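Open the model in your viewer and keep the sequence panel beside it. The tour below goes from one selection to the next and says what is there.

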Amino acid sequence: MGGSLSALFRGSVQNTLPVVWTGIPQVTPKVAKEYGCGVIVDVREPREIQEVHVVGSVAMPMSEMNKNADDKSAAWITKFGLKPEDGTSEKTPIFVTCKAGMRAQMMAELLASCDKTHVANIAGGMMEWEKTMPADTVKKG
């Protein structure tokens, strides 16, 4: 995809939606998928993820966020696979999704508060992903 990561997170890449009041960029599913160096984090609960999820996404259920909400050290994030030895760092693009976008927004804000500097919410969540992306990008059941 054309454009730099810094441009994406400044909201100046085509298909990037307006930044909401929190400062977390909102991106389309297409933008999230085209940034192959990024990680897609799914914050839905395990039963939801079993029904349908983005191929290659990392499960980070919101219930786990709630259990660890006071841990600003970000150490708990590593148990979900977002760790330096896996090629992620504070600058690795993280695209967060849920069913429609609200839980993803909350998780994106938490990740940003834990020094993850390149975090975006996939606008419309899995509902939008399923409507706009090729079928081979999702796994069902």
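Helices (H or I, at least four residues) and strands (E, at least two) are DSSP runs, numbered from the N terminus. With that in mind, select Glu48, which is found in helix H3, residues 46–51. Keep in mind throughout that this is a predicted model. Is Glu48 buried or exposed? Its relative accessibility is 11%, so Glu48 counts as buried. Leaving out residues up to four places away in sequence, Glu48 touches Lys99 and Arg103.

**The whole chain**

Now clear the selection and colour by secondary structure. The protein has 6 helices and 8 strands. Starting at the N terminus, the elements follow the order α-β-β-α-β-α-β-β-α-β-α-β-α-β. Of the 141 residues in the protein, 47% are buried. Among contacts with a separation of 6 or more, 66% are between residues 24 or more positions apart. Turn on the surface: the accessible surface comes to about 7100 Å², and 54% of that belongs to carbon and sulfur atoms.

**Helix H5 and the cores**

Select residues 102–113, which form helix H5. H5 has 12 residues and reaches 17 Å from its first C-alpha to its last, close to the 16 Å expected at 1.5 Å a residue. Which residues of H5 are buried? They are Ala104, Gln105, Met107, Ala108, Leu110 and Leu111.

Next, show the side chains of Val41, Val43, Ile94, Val96, Met107, Leu111 and Val119. These have the most contacts inside the largest nonpolar core, which has 17 residues. S3, S6 and H5 are the elements that give two or more residues to this core. H5 supplies the largest share, 5 residues. There is also a second, separate core of 14 residues, and Val27, Val54, Ala120 and Val138 are among its members.

Stay with Val41, which lies in strand S3. Val41 is buried, with a relative accessible area of 0%. Draw a distance from the C-alpha of Val41 to that of Ala108: the two residues are 67 apart along the chain, and the atoms are separated by 9.4 Å.

**Tyr35, before strand S3**

Step back along the chain to Tyr35, in the loop between H2 and S3. Tyr35 counts as buried, at 6% relative accessibility. Add Pro93 to the selection. Tyr35 and Pro93 are 58 residues apart in sequence, yet their C-alpha atoms are 8.0 Å apart in space.

**Strand S7 and the loop after it**

Select Asn121, in strand S7. Its relative accessibility is 2%, so Asn121 counts as buried. What is Asn121 in contact with, leaving aside its neighbours within four places in sequence? The list is Ile24, Pro25, Gln26, Val27, Val96, Gly101, Ala104 and Gln105. Measuring C-alpha to C-alpha, Asn121 and Pro29 are 9.5 Å apart in space and 92 residues apart in sequence.

Move on to Gly124, in the loop between S7 and H6. Gly124 is partly exposed, with a relative accessible area of 27%. Not counting residues up to four places away in sequence, Gly124 touches Lys99, Ala100 and Gly101. Lys99 is also one of the residues that Glu48 touches. Thr97 is 27 residues from Gly124 in sequence and 8.2 Å from it in space, C-alpha to C-alpha.

**Helix H6**

Select residues 125–132, helix H6, where Gly125, Met126 and Trp129 are buried. Now look down the axis of H6: its buried residues fall within an arc of 95 degrees, so they line one face of the helix. An α-helix has 3.6 residues a turn, so residues three or four places apart point the same way. What covers the buried residues of H6? The cover includes helix H2 (29–34) and the strands S3 (39–42), S4 (52–54), S6 (94–97), S7 (119–122) and S8 (138–140).

**Last stop: Thr137**

Finish at Thr137, in the loop between H6 and S8. Thr137 is buried, with a relative accessible area of 7%. Show its side chain together with that of Trp129: the two make a polar contact of 2.9 Å. Neighbours within four places in sequence aside, Thr137 is in contact with Lys33, His53, Val54, Val55 and Trp129. Val54 also belongs to the second core, and Trp129 is one of the buried residues of H6.

Definitions and conventions: Residues are numbered from 1 along each chain as its sequence is written. This is a predicted model: local features need pLDDT of at least 70, side-chain atom pairs count only at pLDDT 80 or more; totals for chains, interfaces and linings use all residues. Side-chain values use heavy atoms; hydrogens and water are left out. Buried means under 20% relative accessible area, exposed over 50%, partly exposed in between (1.4 Å probe, protein chains only). The arc is that of the directions from the helix axis to the C-beta atoms. Contact means heavy atoms within 4.5 Å. The expected span of a helix is 1.5 Å times one less than its number of residues. A polar contact is a pair of N or O atoms within 3.5 Å; within protein, one must be able to donate a hydrogen and the other to accept it, and residues adjacent in sequence count only if both atoms are side-chain atoms. A nonpolar core is a set of buried Ala, Val, Leu, Ile, Met, Phe, Trp, Tyr and Cys residues joined through side-chain atoms within 4.5 Å. Accessible areas come from the Shrake-Rupley method with a 1.4 Å probe; for residues, only the protein chains shown count as cover.
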